[in-house]
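Hi,

Here is the structure I said I'd pass on. Have a look first, then read my notes below.

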Amino acid sequence: MKFGDRVLYNNGSSHTLGVYLKEISSHEALVKLDNNPVKVVLPTDNLKFVKDMEQMDLAQALVIADYIAKEEYDGHYTLLAFSTGYRFCFGTLDKISYNTTSLMPLGKTIEEAVKKAIDGKI
């Protein structure tokens with residue numbers, strides 16, 4: 001598994017979707033579970049790969065964006081909604097204008113805009 005992959009965690013009595021963030025050791029990984037507000041360290045034996053970032057869902061996109069923002073941009077990211085779609089970038093804009101927003105990745109969905117920003121490191 002790699003950063004951003006969608007995973008299913010089996011704790012023995014229930015299954016929970018989450019996002020794989022990074023390997024801690026050969027037997028443990030840092031994961032953000034959908035039903036838990038904080039990141040948790042889980043045994044890799046209990047994690048099952050579901051899908052990668054190519055077709056990510058909204059929860060996966062926001063978890064990844066939040067993690068990158070906190071690690072590299074003091075927790076800041078900008079998401080704008082327009083009639084033509086969504087624009088997303090890491091950090092904050094000094095001034096919102098056509099010149100600044102036109103540089104932000106555009107997507108028909110929030111997930112697509114976030115993925116383009118991650119891929120382009122914008």
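Strand β7 (residues 85-90) is joined to β8 by two bridges, and the two strands run antiparallel. This is a predicted model, by the way. As for who faces whom in that pairing, arginine 87 sits opposite leucine 106 of β8. Helix α3 (residues 110-120) packs on this sheet and touches β6, β7 and β8, with its direction at about 35° to that of β7.

Zooming out, the sheet is an open one of three strands in the order β6-β7-β8, with antiparallel pairing. Its edges are β6 (77-82) and β8 (106-107), each of which pairs on one side only. Another helix is involved as well: α1 (residues 58-72) lies across β6 and β7, running at about 30° to β7.

Now to the nonpolar residues. In general, nonpolar side chains of soluble globular proteins tend to be buried together. Here the largest nonpolar core has 19 residues, and the members that touch the most others are Ile64, Phe88, Phe90, Val114 and Ile118. At least two residues come from each of β2, α1, β7 and α3. The top contributor is α1, which gives seven residues to this core.

If you want one residue to click on, try phenylalanine 90. Which residues does phenylalanine 90 contact, leaving aside its neighbours within four places in sequence? You should find Ala65, Ile68, Ala69, Tyr73, His76, Tyr77, Ala117, Ile118 and Ile122. There is also a second, separate core of nine residues, with Ala29, Val31, Val40 and Leu42 among them.

Back towards the start of the chain, there is more strand pairing to look at. Strand β1 (residues 6-10) pairs with strand β2 (residues 15-23) in the antiparallel sense, over five bridges. One of the partnerships there is tyrosine 9 with threonine 16 in β2. The two strands make a hairpin with four residues between them, and glycine 12 in the turn has a positive phi of about 100°.

β1 has another partner too: it pairs with strand β5 (residues 47-51), again antiparallel, through four bridges. In that pairing, arginine 6 stands opposite lysine 51 of β5.

That's what I have so far. Shout if anything looks odd on your side.

Cheers

Notes. Residues are numbered from 1 along each chain as its sequence is written. This is a predicted model: local features need pLDDT of at least 70, side-chain atom pairs count only at pLDDT 80 or more; totals for chains, interfaces and linings use all residues. Side-chain values use heavy atoms; hydrogens and water are left out. Two strands pair if DSSP finds at least two bridges between them. Contact means heavy atoms within 4.5 Å. Axes are lines fitted to C-alpha atoms, for helices over the stretch in contact, and angles run from 0 to 180 degrees between N-to-C directions. A nonpolar core is a set of buried Ala, Val, Leu, Ile, Met, Phe, Trp, Tyr and Cys residues joined through side-chain atoms within 4.5 Å. Buried means under 20% relative accessible area, exposed over 50%, partly exposed in between (1.4 Å probe, protein chains only).
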